[in-house]
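Work through the exercises below with the structure in view. Try each task before reading its solution.

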Amino acid sequence: MRYIHRVLPDDDTSNSHRHDQGRDPGWSTRHSVQATALRTAALVNTLADDAAGPDTIADVLRAHGETGVIALSADDVEQMRAGALMLREVFEAGEVDLAAAALNRLLGRSPGALRLTSHEGRTPWHPHLDSADDAPWGAWFLASSSLALTVLVWDRQRPPGGVCASASCRHVFLTQGSGPPRRYCSRRCATRERVAAHRRSRA
């Protein structure tokens, strides 16, 4: 299954559709649009490294809530890497109109119609665009990521993220909160660039 499993008390699947028991407080949060978008950015960054194989990608998926057996093949990773390259265009867009155009192209590649699924009660109800709940990893990654970034554009009316301005980094990141446009993926990159600029000015 390409989504975080719900943990049921005492493995009692007969209670899988109950909405008030057997659910930890973060159950829905881990399935939110924001959580999916954060996972997207993490995978886009990790997959940019050609050396990242199935074990590395599985670690990223686990870090973002995926549970159970994650059986990724080398072909799965290559399909996800191809999707990551397409998703990077959304982060590189810079303007909301360009981000929307990039997302429209990705949404047009979806093999399935928009539908809601709860994976037989194991997750909160959430939308899917892939062909089935057990769609290949590459199709799932591109469809779920495109949908999450689309909702962010819809909700905020701005690009969902950007690319780090540090020439030595180039990681993608999500735009969160208000304030001036963000330029760096982390404080570490921002500090490094400020120090480098200071040294150049002194020289």
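**Exercise 1: Met80 and its surroundings**

Task: find which residues Met80 is in contact with, leaving aside its neighbours within four places in sequence.

Solution. Contact means heavy atoms within 4.5 Å. By that rule, Met80 is in contact with Leu43, Leu47, Ile57, Leu72, Trp137, Gly138 and Phe141, its neighbours within four places in sequence being left aside. Next, place the residue: Met80 is in helix α3. Helices are DSSP runs of H or I with at least four residues, strands are runs of E with at least two, and both are numbered from the N terminus. Then check the cover. Buried means under 20% relative accessible area, exposed over 50%, and partly exposed in between, with a 1.4 Å probe and protein chains only. Met80 has 0% relative accessibility, so Met80 counts as buried. Last, take one partner: Trp137 is 57 residues from Met80 along the chain, but their C-alpha atoms are separated by 6.9 Å.

The model is a predicted one: local features need pLDDT of at least 70, side-chain atom pairs count only at pLDDT 80 or more, and totals for chains, interfaces and linings use all residues. Residues are numbered from 1 along each chain as its sequence is written, and side-chain values use heavy atoms, with hydrogens and water left out.

**Exercise 2: The faces of α2**

Task: state which residues of α2 are buried, and why they line one face of the helix.

Solution. First, list them: Ile57, Ala58, Val60 and Leu61 are the buried residues of α2. Seen down the helix axis, these buried residues fall within an arc of 160 degrees, so they line one face of α2. The arc is that of the directions from the helix axis to the C-beta atoms. An α-helix has 3.6 residues a turn, so residues three or four places apart point the same way. Now turn to the other side: the face of α2 turned away from its buried side carries the exposed residues Asp55 and Ala63. Finally, name the cover: α1 (33-47), α3 and α5 (137-156) are among what covers the buried residues of α2.

**Exercise 3: Gly65**

Task: decide where Gly65 lies, and whether Gly65 is buried or exposed.

Solution. Gly65 sits in the loop between α2 (54-63) and α3 (74-92). Its relative accessible area is 14%, so Gly65 is buried. For the backbone, note that Gly65, just after α2, takes a positive phi of about 105 degrees. As a last step, compare positions: Gly65 and Thr36 are 29 residues apart along the chain, and their C-alpha atoms are separated by 9.7 Å.
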